[in-house]
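I opened the notebook to look at an interface, a helix, a few cysteines and one serine. The entries follow in the order in which I looked things up.

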Amino acid sequence: MFAPHSSLLPWPARVALSRLGRQASLAAQKFRARTDIPPTFHGDAIGWSLEGQTLEVVLHREPCNEIGSVMLRELEELADYVRAGAGGARALLFYSTAERGFSAGADLRELYSGMVDRRGQGMSRWQMAFEVRDFLDRIHAVFDTFDTAPITTIAVVHGFCFGGGFELALTCDEIIAEKSARFAFPELRLGLVPGFGGIPRLRRDLGNAVVRDLLLTGRSINSTKAGSVGLVSQVVPRGRGLEVARRVGEQAAKFDRATTAAAKSFAKPIPRDELRREKDLFIELMGSPVVEAALKKFVESDDPHSYLP
Amino acid sequence: MAQNDPILSKLLTLAAKRFERDTAGLGPDDDFFDRLDINSYQAMELLTEVEEEWGIEIPDYEVQDVRTFGALAALIADRI
């Protein structure tokens with residue numbers, strides 16, 4: 001999860017250069033489109049292919065599509081492809097082939113081992129905070145791209161849709177939930193808040209009572225509840241989500257491209273100020289010893305309840 | 001909770017079917033993690049099945065310390 005650093009420069013210079021480079025790269029991405037990205041891709045964590053007018057993205061990293069450095073790198077490639085027009089796709093859908101679900105969220109084992117390794121190298125909490133910010137800047141750039149893509153985006157959710165996985169689903173215009181789906185933000189168990197844009201995006205879509213219940217209790221809700229509060233657009237039987245999502249994509253592709261883009265930007269404005277403040281809050285909380293202790297407990301636990309929020 | 005309690009009977013049938021186990025010998029005092037040989041992910045699946053079957057909501061934190069079929073059946077009875 002942490003950025004590599006091998007320069008002989010002192011750490012503040014390294015981190016500052018890394019951030020400047022990243023910010024310049026992110027800014028440049030807004031003005032240029034890459035042309036070297038293949039229309040079909042099969043990576044270690046995700047894959048994609050253009051099916052008709054829909055770009056289908058499969059999440060296939062076992063056990064449950066945990067979002068760490070490998071997943072992020074490939075999502076960055078996908079985001080570049082989307083910025084470049086996604087091969088002319090008129091819709092984009094995410095689905096998972098992991099049996100356990102859509103995504104269990106951030107890769108907590110990688111996060112914890114990164115913290116331990118960096119501490120072993122003598123890195124201070126400040127240095128780690130810079131690296132966490134770098135990671136968050138990258139993931140926010142990716143998620144913002146999906147959120148604002150001028151095409152219809154759909155998440156097909158089954159099983160676990162927790163934490164960062166939930167945040168990925170929330171970037172989409174529509175969530176189609178199979179009966180097995182469960183949605184949760186268990187971050188407070190770790191002494192954290194969601195950091196990939198989950199709170200602002202949930203607040204954009206739902207009433208505050210539901211937002212606070214999910215956030216402050218860490219509980220999960222099933223697909224029926226998610227449908228009743230307006231989180232998901234359709235609840236479908238187990239194993240039927242992808243088929244239904246394909247039909248949604250086909251329908252969305254019938255409309256005028258510019259009108260779809262205009263309607264989407266009107267109906268789904270991106271909450272930039274809240275996203276920035278959530279990122280700051282996450283980084284502030286990451287410095288707490290509570291977080292490392294909670295991560296250690298999670299990683300080392302053999303309690304069968306360990307994943308229950 | 002009695003073995004012939006209707007909620008318990010339905011729960012045992014539901015759990016046995018979901019995880020392809022035999023209901024014979026399952027009782028209210030059995031630990032469902034052990035007897036069904038399930039992990040925490042599968043326990044969540046069981047919770048989803050229970051909520052769907054009875055049309056109820058059971059927040060996760062209410063089942064955090066529940067380990068037996070009898071205790072889960074009692075929780076269901078409270079929510080109906």
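Entry 1, interface area. I take buried area as the accessible area (1.4 Å probe) that two parts lose on being put together, summed over both. The model is predicted, so I treat what follows as a reading of a prediction. Between chain B and chain A, I find about 2,000 Å² buried. Carbon and sulfur atoms give 51% of that area. On the chain B side, B:Tyr41, B:Met44 and B:Gln64 lose the most area to chain A. Together they make up 34% of what that side buries. I then listed the residues in contact: 18 come from chain B and 20 from chain A.

Entry 2, polar links across the interface. I looked up salt bridges between chain B and chain A and got five. One I checked joins the side chains of B:Glu52 and A:Arg238, at 3.7 Å from N to O. Six residue pairs are in polar contact between the two chains, both residues at pLDDT 80 or more. Which elements of chain B give two or more residues to the side that touches chain A? They are helix 3 and helix 4 (60–63). Helix 3 gives the most, with eight residues.

Entry 3, helix 1 of chain B. This helix runs over residues 6–18. I tested its length: at 1.5 Å a residue, its 13 residues should span 18 Å, and the end C-alpha atoms are 18 Å apart, so the two agree. At its start, a side-chain oxygen of B:Asp5 comes to within 3.0 Å of the backbone nitrogen of B:Ile7. After the helix comes B:Glu20, with a positive phi near 55 degrees. I listed the buried residues in the helix, among them B:Ile7, B:Leu8, B:Leu11 and B:Leu12. Their cover includes helix 2 (32–36), helix 3 (40–54) and helix 5 (69–79) of chain B.

Entry 4, cysteines. I searched all chains for disulfides and found zero. Why is A:Cys64 not bonded to A:Cys161? The closest cysteine sulfur to that of A:Cys64 is in A:Cys161, 9.1 Å away, which is too far for a bond. For A:Cys172 the closest is again in A:Cys161, at 9.5 Å, also too far. A:Cys64 is buried at 0% relative accessibility, and A:Cys172 is buried at 5%.

Entry 5, A:Ser223. I placed A:Ser223 in helix 8 (residues 223–228) of chain A. Its relative accessible area is 1%, so it counts as buried. A polar atom of its side chain lies 3.4 Å from the backbone oxygen of A:Lys179. Its contacts include A:Ala177, A:Val232 and A:Val235.

Methods:
Residues numbered from 1 in each chain as written. Chains lettered and ligands numbered in written order. Predicted model: local features only at pLDDT ≥ 70, side-chain atom pairs only at ≥ 80, totals over all residues. Heavy atoms only, no water. Helix = DSSP H or I, 4+ residues; strand = E, 2+ residues; numbered from the N terminus. Expected span 1.5 Å × (residues − 1). Buried < 20%, exposed > 50% of the residue type's maximum accessible area, 1.4 Å probe, protein only. Contact = heavy atoms within 4.5 Å. Polar contact = N/O pair within 3.5 Å; in protein donor to acceptor, adjacent residues only side chain to side chain. Disulfide = S-S within 2.5 Å. Salt bridge = Lys/Arg side-chain N within 4 Å of Asp/Glu carboxyl O. Lists of a residue's contacts leave out its neighbours within four places in sequence.
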